[in-house]
Amino acid sequence: MAVKIRLLRMGKIRNPQYRIVIADSRTKRDGRAIEFVGLYHPKEEPSRIEVNSERVQHWLSVGAQPSEAVQAILSKTGDWQKFKGLPAPAEPLKVRAAAPDRKAAYEAEAQAAAGLADAPKAKKAAEPKKKAEAEAPAAQAEEQSGAGAGAEA
């Protein structure tokens with residue numbers, strides 16, 4: 001039996017998502033697979049590539065032939081170079097940044113909202129007093145310097 005490592009298409013129209021599978025070469029593209037060994041989502045930024053390296057190495061060692069697309073994917077992950085005994089790829093595989101913790105963000109917003117619920121009234125009342133206090137010493141200093149300047153002249 002001729003075994004291939006190839007892509008099995010899933011997803012919606014204009015949003016392809018692929019599974020990397022081990023399948024008999026005579027089966028349909030989206031037909032029955034022997035084993036599922038990875039994912040490839042080309043529309044994400046950067047492309048999402050997940051490969052079970054151990055299983056891919058096993059299937060390559062027993063004679064499974066990768067399709068051109070799968071060979072390109074395996075070259076990016078370094079699995080093809082490992083199988084052929086070549087040096088690892090110079091450019092590391094790009095990985096998406098971790099998503100922020102939504103629960104922590106929600107709790108921080110809730111605490112900020114709870115703290116701000118009491119604070120705006122206090123802030124609004126305190127701001128005119130602070131302005132008046134800040135302006136009062138400046139006005140007193142001007143009066144004193146003005147009175148001192150007039151007395152000296």
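Start in the loop between β3 and β4 and select Pro 46, which lies there. The model is a predicted one. Show the backbone of Glu 45 as well: a cis peptide bond joins Glu 45 and Pro 46, with omega at about -10 degrees. Most peptide bonds are trans.

**The pocket**

Keep Glu 45 and Pro 46 selected, since both are among the residues that line the largest pocket. To complete the selection, add Tyr 40, Ser 47, Ile 49, Ser 75, Lys 76, Pro 89, Glu 91, Pro 92, Leu 93 and Lys 94. The pocket holds about 220 Å³ of space. Colour the lining by residue class, and six nonpolar, two polar and four charged residues appear.

**The sheet**

Next, show the strands as a cartoon. How many strands form the open sheet, and in what order? There are five, in the order β4-β3-β2-β1-β5, and the pairing is mixed. At the edges are β4 (48–51) and β5 (65–66), each of which pairs on one side only. Strands of a sheet pair through backbone hydrogen bonds, either parallel or antiparallel.

Select β2, residues 15–24. In the chain, confidence is highest in this strand, at a mean pLDDT of 93. β2 is also mostly covered, with seven of its ten residues buried.

Now add β1, residues 3–12, which pairs with β2 in the antiparallel sense over ten bridges. Three pairs can be picked out along these two strands. Leu 7 has Ile 20 as its bridge partner in β2, Arg 9 has Tyr 18, and Met 10 stands opposite Gln 17. In a regular strand the side chains alternate between the two faces of the sheet.

Stay on Ile 20 and look toward β3, residues 35–41. The bridge partner of Ile 20 in β3 is Gly 38. β2 and β3 run antiparallel and are joined by five bridges.

Return to β1 and select β5. Which way do β1 and β5 run, parallel or antiparallel? They run parallel, and two bridges join them. At this pairing, Lys 4 stands opposite Gln 65 in β5.

**The hairpin turn**

Go to the connection between β1 and β2. The two strands form a hairpin with two residues between them. Select Arg 14, which is found in this loop. Arg 14 has a positive phi of about 60 degrees although it is not a glycine. Most residues other than glycine have a negative phi. Is Arg 14 buried or exposed? With a relative accessible area of 69%, Arg 14 is exposed, because that value is over the 50% cut-off.

**Helix α2**

Select residues 68–77, which make up helix α2, and show the side chains of Val 70, Ile 73 and Leu 74, which are buried. Turn the view to look down the helix axis: the buried residues of α2 fall within an arc of 100 degrees, so they line one face of the helix. An α-helix has 3.6 residues a turn, so residues three or four places apart point the same way.

Rotate to the face of α2 turned away from the buried side, where the exposed residues Glu 68 and Lys 76 are carried. Lys 76 has already been selected as part of the pocket lining. Then step past the end of the helix to Gly 78, which follows α2 and has a positive phi, near 95 degrees.

**Helix α1 and a contact across the chain**

Select Ser 61, in helix α1 (residues 53–61). Ser 61 is exposed, with a relative accessible area of 52%. Add Phe 83, which is 22 residues away along the chain, and draw a distance between the two C-alpha atoms: they are separated by 7.8 Å.

**Last stop: confidence**

Finally, colour the chain by pLDDT. The chain averages 81, and 76% of the residues score at least 70. Where is confidence lowest? The place is helix α4, residues 102–152, at a mean of 66. Where pLDDT is low, the predicted coordinates should not be read in detail.

Technical notes. Residues are numbered from 1 along each chain as its sequence is written. This is a predicted model: local features need pLDDT of at least 70, side-chain atom pairs count only at pLDDT 80 or more; totals for chains, interfaces and linings use all residues. Side-chain values use heavy atoms; hydrogens and water are left out. pLDDT is the predictor's confidence in each residue, from 0 to 100. Helices (H or I, at least four residues) and strands (E, at least two) are DSSP runs, numbered from the N terminus. Buried means under 20% relative accessible area, exposed over 50%, partly exposed in between (1.4 Å probe, protein chains only). Two strands pair if DSSP finds at least two bridges between them. On a 1 Å grid over the protein atoms alone, a cavity is a set of points where a 1.4 Å probe fits but cannot get out, and a pocket is an open set with protein on both sides within 12 Å along at least five of seven lines; lining residues have an atom within 4 Å of a point. Grid points are joined across faces, edges and corners, and a volume is the space filled by probe spheres set on the points. Ala, Val, Leu, Ile, Met, Phe, Trp, Tyr, Cys and Pro count as nonpolar, Asp, Glu, Lys and Arg as charged, and the others, Gly among them, as polar. The arc is that of the directions from the helix axis to the C-beta atoms.
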